[in-house]
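Student: Please take me slowly through one part of this structure, with enough of the whole beforehand that I can place it. I would like to look closely at how the pieces of that part pack against one another.

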Amino acid sequence: MSARTLPLLFLNLGGEMLYILDQRLRAQSIPGEKARKDEWTDVDRKRVMNDIITTMFNKKFMEELFKPQDLYSKKALRTVYDRLAHASIMRLNQASMDKLYDLMTMAFKYQVLLCPRPRDILLVTFNHLDAIKDFISDSPGILNQVDETFRRLIETYNCLSDGEFQLIRQTLLIFFQDMHIRVSLFLKDKVQNSNGHFVLPISGPVPWGTEVPGLIRIFNHKGVEVKRTEFTTAGNYVTPQREGSFELYGDRVLKLGTNMYSVTRTVETHMSGSSKTLASQAKENIAPNPLAKEELNFLARLLGGLDIQKPAGGDTGFRLNLFTTDEEEEHAAQTRPEELSYKVINIEATQEPGRRAELSRILGELEVAEPRPGSAEKGEDLLALMDGL
């Protein structure tokens, strides 16, 4: 696995999360002069977006994120997004948070699958960051945070070889390989089958730097072309006019990673039959996992830099429903397989002593494997955790 995958995964999923939240907040916004105290206004929407983006691009947080490291488990990353989604006055219940995470992951999975070449994953990331900058265009301070991350991306990834980007792409596909959530938007556009698998096109532009298929060249031992043979292809391929820009500003050309919610559409998620079966039959692996402790330490470092905004006074914040009605949200919460739900783990890790104490508390609360015969120490069994969090 690539040790450079985590920043790309985090930023792209975070970008999709912001697209979804912005669309839902706009749909539920009420004009300020008409809104009741418990209703959303456009001012509330901007505050939520600014708070989440500020937290997401925190300097210390980014420094920790960009350190070369293995990709961590789905549950560990899910914990980070739980914290991010609640970094402002907005509150999501379990069902809405599950739906939000499903939409995020399936959208980015589709983008990774469609990338013409592995290096274009960086263009997808730039599209997300370009859109995020539009969200906070009137907040220069936050905009500088995003630009700093943009420069860090350019410095870190522009120099990587095609082989390293291929390894990054394979790492992402391994992360997404068992996730087959059906999304109504994809189903309506016929880019996803009823079983949750994506339909990949066989036509369109070929990757930059390659030629349209249909010609076989034969060379002799001296490297001189001696024969050409043409063949018919099943798809209708075209040559791209230009390469997307990998600079701070520029035309990315590639449209993957842009906001597909800019046009108001209802987006639903459904577990496919195969995924339900997998969820009910394949419990989390409870074999001893030597990386479990490292994942907790990783989360402590990662979340320690997050300055979460807490509602003033006794205000619990505004509630956002990602479903059409409250009844749909309640039904989703009741029918979702328990194995696919996650508990929010708040890690206060601003100082080393507190960090160790919090990790000890979490270790005590996590489900652990049954003691192995012959285990000498009780402490050893605390490392026999489920895979990740």
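**A close look at helix packing**

Tutor: The protein exposes about 19800 Å² of surface, and 52% of that area is supplied by carbon and sulfur atoms. Please keep in mind from the start that this is a predicted model. The protein contains 14 helices and 8 strands, and of its 389 residues, 49% are buried. If we take the contacts between residues at least 6 apart in sequence, we find that 76% of them join residues at least 24 apart.

Let us start with helix 1, which covers residues 6–28, and with the partner that follows it in number. Helix 1 packs against helix 2 at an angle of about 170°, and the two axes are 10 Å apart. Angles over 145 degrees count as roughly antiparallel, and helix 1 and helix 2 are therefore described in that way. On the side of helix 1, this contact is made by Phe10, Leu11, Gly14, Gly15, Met17, Leu18, Leu21, Asp22, Leu25 and Arg26, while helix 2 contributes Arg45, Val48, Met49, Ile52, Ile53 and Met56.

Helix 1 also meets helix 6, which runs over residues 120–135, and here the axes come within 9 Å of each other and cross at roughly 40°. An angle of that kind is neither under 35 degrees, where helices would count as roughly parallel, nor in the range from 65 to 115 that counts as roughly perpendicular, and helix 1 and helix 6 are therefore oblique to each other. The crossing of helix 1 past helix 6 is left-handed. Among the residues of helix 1 in this contact are Leu8, Asn12, Glu16 and Tyr19, and the residues they and their neighbours meet in helix 6 include Ile121, Leu122, Thr125, His128 and Phe135. Leu11, Gly15, Leu18 and Asp22 are also listed for helix 1 in its meeting with helix 6, and these four residues appear again in the contact of helix 1 with helix 2.

One residue of helix 6 deserves a pause, namely Leu122. Is Leu122 buried or exposed? Its relative accessible area is 0%, which is why Leu122 counts as buried. If we leave out residues up to four places away in sequence, Leu122 touches Leu8, Tyr157, Asn158, Phe165 and Phe246. Of these, Asn158 is 36 residues away from Leu122 along the sequence, yet the two C-alpha atoms are 8.5 Å apart in space.

Now turn back to helix 2, residues 42–56, where Asn50 lies. With a relative accessibility of 18%, Asn50 counts as buried, because the limit for that label is under 20%. The side chain of Asn50 is joined to the side chain of Ser139 by a polar contact of 3.4 Å. Setting aside residues up to four places away in sequence, Asn50 touches Phe135, Ile136, Ser139 and Ile142. Phe135 is a name you have already seen, as one of the residues of helix 6 that take part in the meeting with helix 1.

Ile142 leads us on to helix 7, which covers residues 140–157 and holds Glu148 as well. Glu148 has a relative accessibility of 35% and is therefore called partly exposed. The C-alpha atoms of Glu148 and Phe57 are separated by 8.8 Å, although their positions lie 91 residues apart along the chain when one counts from one to the other.

For a further example of helices in contact, look at helix 5, residues 94–114, and helix 8, residues 162–176, which pack at an angle of about 140° with their axes 10 Å apart. Because roughly antiparallel is kept for angles over 145 degrees, helix 5 and helix 8 count as oblique to each other. The contact is made by Tyr101, Thr105, Phe108, Lys109, Val112 and Leu113 of helix 5, together with Arg169, Leu172, Leu173, Phe175 and Phe176 of helix 8. Helix 5 and helix 8 cross in a left-handed way.

Finally, compare these helices with a loop. Lys190 is found between helix 9 and strand 3, and with 67% relative accessibility it counts as exposed. The phi angle of Lys190 is near 60°, a positive value in a residue that is not glycine.

Conventions. Residues numbered from 1 in each chain as written. Predicted model: local features only at pLDDT ≥ 70, side-chain atom pairs only at ≥ 80, totals over all residues. Heavy atoms only, no water. Helix = DSSP H or I, 4+ residues; strand = E, 2+ residues; numbered from the N terminus. Buried < 20%, exposed > 50% of the residue type's maximum accessible area, 1.4 Å probe, protein only. Contact = heavy atoms within 4.5 Å. Areas by Shrake-Rupley, 256 points an atom, 1.4 Å probe, with all protein chains shown as cover. Polar contact = N/O pair within 3.5 Å; in protein donor to acceptor, adjacent residues only side chain to side chain. Axes fitted to C-alpha atoms, helices over the stretch in contact; angles between N-to-C directions. Left-handed = near helix turned anticlockwise from the far one by under 90°.
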